[in-house]
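Student: Before we discuss the geometry, could you show me the sequence and the model, so that we can ask how each description is justified?

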Amino acid sequence: MSQDVTLPSALRDAFRREADTLDGIDRDVYLTNRRDPLEPIIGLGPRDAPVGFFGRDPGRQEVVHGAPFVGSGGQKVRAGLYKHLHGEALPDFDASLAVGQRYFWANTVPYKPTGNKAWSMAVKKRFQPLMAELLIAHWQGRTLITLGREAFLWFAIGQPREIKRELEAFWAREDRFEALHTTVLSLPDGRSAEFQLAPLPHPSPLNQTWYKRFPALLDARLAALESAP
């Protein structure tokens with residue numbers, strides 16, 4: 001693995017400027033836990049990590065620990081990673097943090113919303129160029145396991161109509177949690193990158209339809225990605 005991704009100061013400052021004028025950040029949770037509400041919560045793993053995880057937005061535990069995907073849903077993902085890599089149950093919270101260090105983690109908007117309600121499309125569009133910059137220019141991996149519908153369809157933001165239709169049609173497929181979808185993400189200056197999306201359901205305990213099936217789906221995803229040429 002190469003050195004870890006570091007958030008460039010210009011990009012970090014851009015995130016902070018957008019957050020400074022953003023209504024809806026759960027500032028009470030940040031302040032209660034002595035966390036800066038303007039600091040983006042992104043899991044900057046190894047620059048050449050071949051697989052990343054892309055979710056909706058941080059929750060309370062992510063603010064508490066200053067790291068993404070460490071709440072109940074994120075622990076479901078990390079437990080699956082640990083079981084896949086070590087063949088046994090996740091022993092403790094520290095192990096969940098350690099196992100995540102070999103992956104890249106990001107969300108559509110890297111700030112906790114009040115009430116854990118999903119950010120509006122207007123807010124996601126506002127942060128999309130910054131997150132796209134991070135994915136294209138500062139992470140060398142190109143395979144993302146997206147968690148939930150909103151994370152997957154984030155890749156339709158700013159895309160031509162036919163690309164949006166392709167993404168929506170893929171999400172409607174019954175085999176969407178086994179198949180792969182490839183799409184191109186572009187920046188205003190012309191830079192672009194092709195990403196391989198491997199969607200999974202959101203791992204929230206509230207997602208009763210898929211919660212119990214999530215570990216098996218994740219394990220199958222990881223196995224398939226590892227065996228791909």
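**Helix crossings and pockets**

Tutor: In this predicted model, the crossing of α4 and α9 is right-handed.

Student: What makes the crossing of α4 and α9 right-handed?

Tutor: A crossing is given that name if the near helix is turned clockwise from the far one by less than a right angle, and the crossing of α4 and α9 is of that kind.

Student: Why are α4 and α9 called oblique to each other?

Tutor: The axes of α4 and helix α9 (residues 214–227) cross at roughly 50 degrees and come within 9 Å. Angles under 35 degrees count as roughly parallel and 65 to 115 as roughly perpendicular, and an angle of roughly 50 degrees falls in neither class, so α4 and α9 are oblique.

Student: How do you know how α1 and α6 are oriented to each other?

Tutor: Helix α1 (residues 9–20) packs with helix α6 (residues 121–137) at about 165 degrees, their axes being 11 Å apart. Because angles over 145 degrees count as roughly antiparallel, α1 is roughly antiparallel to α6. The crossing of α1 and α6 is left-handed.

Student: What makes a residue part of the lining of the largest pocket, and which ones are closest to its centre?

Tutor: A lining residue must have an atom within 4 Å of a pocket point. For the largest pocket, which holds about 500 Å³ of space, 21 residues line it, and D57, G59, E62, G73 and H202 are the closest to its centre. The elements giving two or more residues to this lining are α3 (60–65) and α4 (72–86).

Student: How is the lining of the largest pocket divided by class?

Tutor: Six residues are nonpolar, eleven polar and four charged, with Gly counted among the polar ones.

Student: What is the volume of the second largest pocket, and which residues lie nearest its centre?

Tutor: The volume of the second largest pocket is about 220 Å³, and its 13 lining residues include G43, L97, G100, Q101 and W105, which lie nearest the centre. By class, that lining has seven nonpolar, four polar and two charged residues.

Notes: Residues numbered from 1 in each chain as written. Predicted model: local features only at pLDDT ≥ 70, side-chain atom pairs only at ≥ 80, totals over all residues. Heavy atoms only, no water. 1 Å grid on protein atoms, 1.4 Å probe; cavity = no way out; pocket = protein on both sides within 12 Å on 5 of 7 lines; lining within 4 Å. Points joined across faces, edges and corners; volume = space filled by probe spheres on them. Helix = DSSP H or I, 4+ residues; strand = E, 2+ residues; numbered from the N terminus. Axes fitted to C-alpha atoms, helices over the stretch in contact; angles between N-to-C directions.
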